[in-house]
Amino acid sequence: MTFMTPPIDILLQAFFDTKVQRAKPERRQRLGDVDARLRQYLETEIPSRLCSDCQALIVAERQFDPHNVVARLFDAGVLLAALPGFLAPHRLAPDSAARRTQFEVVRGLGRMLVNDELVDVDDYEAFEAAISRVVQRPPYRGRRRW
């Protein structure tokens, strides 16, 4: 039996709606920006990573409604696999508070997907490993002496 999860669009809406309801105005703005940037990333970057049949489906679907095609067609597995790429250096927000929100959203979405049993624990562990590689800091070399 194949288990279908809700489409990315519904998952993102549920995640951001609960976060926005509890947030202060400036955080609401940052969450809205991250939501918009994440959706744009999914639409522009993810199709090229999918199989040729999926790409053909995206092209056909865009003829009917060109907006949020990836978010409408694909599910939690695709979202989880795509999230680490959203933290690539060129995708990070320039403002430190916005960057922090972006990292929180990516980790929160991953936790939501595994907690709601929409992805396998093994896939989540691979996600965590990918996130760890993205956010690695340079090794501590002790106090600098001038």
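A salt bridge, as the term is used in these legends, is a side-chain nitrogen of Lys or Arg within 4 Å of a carboxyl oxygen of Asp or Glu. The views below all come from a predicted model.

**View 1. Arginine 72 and aspartate 65 are joined by a salt bridge.** The side chains of these two residues meet with a nitrogen-to-oxygen distance of 3.5 Å, and because the limit for a salt bridge is 4 Å, the pair is counted. Arginine 72 is partly exposed, with a relative accessibility of 26%, and aspartate 65 is likewise partly exposed, with a relative accessible area of 33%. By this rule, the model holds eight salt bridges, and further examples appear in the next views.

**View 2. A salt bridge connects arginine 62 with glutamate 43.** Here the closest N and O atoms lie 3.3 Å apart, and the two partners belong to distant parts of the chain, since arginine 62 sits in helix α3 (residues 52–64) while glutamate 43 sits in helix α2, 19 residues apart. Is glutamate 43 buried or exposed? With a relative accessible area of 13%, glutamate 43 is buried, because buried means under 20%. Arginine 62, in contrast, has a relative accessibility of 32% and counts as partly exposed.

**View 3. Arginine 91 and glutamate 45 meet in a salt bridge.** The distance from N to O in this pair is 2.8 Å. Arginine 91 belongs to the loop between α5 and α6, whereas glutamate 45 belongs to helix α2, so the salt bridge ties together parts of the chain that are 46 residues apart in sequence. Both ends are partly exposed, arginine 91 at 21% relative accessibility and glutamate 45 with a relative accessible area of 28%.

**View 4. Three charged side chains form a network of salt bridges.** The residues linked in this network are Asp9, Asp35 and Arg39.

**View 5. Helices α1 and α6 cross one another.** Their axes come within 11 Å and cross at roughly 115°, and the two helices are therefore described as roughly perpendicular to each other. The crossing in which α1 passes α6 is right-handed. On the α1 side the contact is made by Leu11, Leu12, Phe15 and Phe16, and on the α6 side by Val105, Gly108, Leu109, Met112 and Leu113.

**View 6. Helices α6 and α7 pack against each other in contact.** How are α6 and α7 oriented to each other, roughly parallel or roughly antiparallel? The axes come within 10 Å and cross at roughly 170°, and because angles over 145 degrees count as roughly antiparallel, that is the term for α6 and α7. The residues that make the contact are Val106, Arg107, Gly110, Arg111 and Val114 of α6, together with Val121, Tyr124, Phe127, Glu128 and Ile131 of α7.

**View 7. Leu42 and Leu113 touch the most other members of the largest nonpolar core.** This core consists of 37 residues, and each of the helices α1 (8–22), α2 (25–45), α4 (69–73), α5 (76–82), α6 (96–115) and α7 (121–134) supplies at least two of them. Which helix gives the most to this core? It is α6, with six residues. If its neighbours within four places in sequence are left aside, leucine 113 is in contact with Leu11, Ala76, Leu79, Leu80, Leu118 and Val119.

Key: Residues are numbered from 1 along each chain as its sequence is written. This is a predicted model: local features need pLDDT of at least 70, side-chain atom pairs count only at pLDDT 80 or more; totals for chains, interfaces and linings use all residues. Side-chain values use heavy atoms; hydrogens and water are left out. A nonpolar core is a set of buried Ala, Val, Leu, Ile, Met, Phe, Trp, Tyr and Cys residues joined through side-chain atoms within 4.5 Å. Buried means under 20% relative accessible area, exposed over 50%, partly exposed in between (1.4 Å probe, protein chains only). Helices (H or I, at least four residues) and strands (E, at least two) are DSSP runs, numbered from the N terminus. Contact means heavy atoms within 4.5 Å. Axes are lines fitted to C-alpha atoms, for helices over the stretch in contact, and angles run from 0 to 180 degrees between N-to-C directions. Angles under 35 degrees count as roughly parallel, over 145 as roughly antiparallel, 65 to 115 as roughly perpendicular and the rest as oblique. A crossing is left-handed if the near helix is turned anticlockwise from the far one by less than a right angle, and right-handed if clockwise.
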